[in-house]
Amino acid sequence: MRLSPTRLAVLIGVAGALLLVAVIVSPMLLISMPSFLNNGGTAVDCDDTAQVEEASDSAASDIPSEYLALYQEYGERIGVQWNILAAVGKRETDHGRSSLPGVKSGTNHAGAAGPMQFLISTWGGKARVPMSSTFNGYASDGDGDGVGDVYNPADAILGAAKMLKRNGAPENVRRALFVYNRAWWYVDQVEEIARAYAQSGEVEVPPQASEECDEPLVDAAPSDVVAKILAYALEQRGKPYLWGGTGPDAFDCSGVIYAAYREAGLSIPRTTFGQWPFGVKVLEGQEQPGDLVFFNSGPGTSPDNPGHVGLVVSKGKMLEARCRLCGPIKVTSYESRTNRVGFTRPLQNPDVQEQLKRLQNSTL
């Protein structure tokens with residue numbers, strides 16, 4: 001439901017009054033299927049290429065045009081809801097228009113700076129960070145000048161998009177916002193502003209994050225074994241990436257696949273480097289659910305030694321645990337990735353074939 005102009009004005013007034021107490025908490029301190037009908041009869045599009053949310057009249061009138069363009073550009077590029085990004089900018093500094101300390105220079109009483117109110121320690125240790133240097137933080141170069149400037153709207157908005165992505169957006173928006181500022185009233189206010197900024201009046205969640213998109217994938221599996229593999233893998237969606245993780249709370253890219261096969265009673269190699277030569281190679285276009293798709297990604301990798309892997313869940317789609325800064329485990333597209341090197345089918349490995357025979361005999 002959209003906010004009335006009066007309600008939005010009241011909310012914005014409250015947001016401004018509370019601005020001084022808003023504190024960003026560094027995350028370093030915190031641990032193509034067709035549409036179908038859900039129970040309510042509403043069509044759910046399980047294609048992750050859904051259209052970008054349109055800006056409402058409230059957004060167009062309240063957000064400076066240059067800021068609106070940046071929110072939309074970096075929201076789409078990083079993969080977070082632009083209206084959530086814009087609502088953070090509104091809540092923090094009224095899109096850079098606030099005259100409070102720390103917005104255009106210096107810091108506020110909590111040490112936050114710039115239009116998106118980053119703690120300097122979270123940004124990178126100083127307000128202006130050369131991007132060629134080594135630093136630990138969200139400093140970003142949105143305007144291409146080689147410097148991550150916390151006071152520059154392009155840099156700050158890009159950095160904020162990355163921080164929200166790192167902490168759960170676009171799937172778990174509330175968690176991402178809570179990390180941004182550890183207060184549930186803050187999360188509620190930002191979401192309400194975001195709904196007012198969207199033409200639909202909603203904070204849209206990517207369709208692949210919906211559990212309603214799991215059942216068609218599992219039902220379409222080519223075998224019961226593949227259905228078990230997919231069902232387990234899809235249940236891990238939303239959990240964080242952890243290098244070396246094999247569950248149950250976190251996984252890395254090969255770990256979630258290893259665990260999914262194990263859940264189906266099958267043993268395959270643990271690492272990407274072991275999984276690549278293990279399965280029988282499959283020609284592009286002939287891959288099917290349960291197969292693995294590999295990428296030339298990561299240090300020490302090459303086309304003959306890929307370092308990243310995803311689990312094919314349907315034509316063009318995979319479940320992947322990509323990286324620590326890439327958000328939680330999710331279903332994404334592999335067709336748009338340029339560093340793809342090939343597909344394999346572990347189920348056709350001779351050892352797995354023997355395992356399948358033993359499983360079949362044990363059920364007789």
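This report walks through a sheet and the helices around it, then a pair of packed helices.

The model is predicted, so to speak of local features a pLDDT of at least 70 is needed, side-chain atom pairs count only at pLDDT 80 or more, and totals for chains, interfaces and linings use all residues. Residues are numbered from 1 along each chain as its sequence is written, and side-chain values use heavy atoms, leaving out hydrogens and water.

Let's start with the sheet. Six strands (DSSP runs of E, at least two residues, numbered from the N terminus) form an open, antiparallel sheet in the order 7-12-8-9-10-11, where pairing takes at least two DSSP bridges. Strand 7 (280–282) and strand 11 (330–333) are the edges; each has a single partner strand, so one side of each lacks a neighbour in the sheet. From one strand to the next, the twist averages 40°. Strand 9 (residues 308–314) and strand 10 (residues 317–320) are joined by three bridges, and L311 stands opposite L319 in strand 10.

Two helices (DSSP runs of H or I, at least four residues) meet this sheet. Contact means heavy atoms within 4.5 Å; angles run from 0 to 180 degrees between N-to-C directions, with axes fitted to C-alpha atoms, for helices over the stretch in contact.

| Helix | Strands | Angle to strand 9 |
|---|---|---|
| Helix 10 (residues 224–235) | strand 9, strand 10, strand 11 | about 115° |
| Helix 11 (residues 253–263) | strand 8 (292–295), strand 9, strand 10 | about 50° |

Elsewhere, helix 3 (residues 65–78) packs against helix 6 (residues 153–166) at about 35°, with axes 9 Å apart. Among the residues in contact are Y67, L70 and Y71 of helix 3 and I157, L158 and K162 of helix 6.
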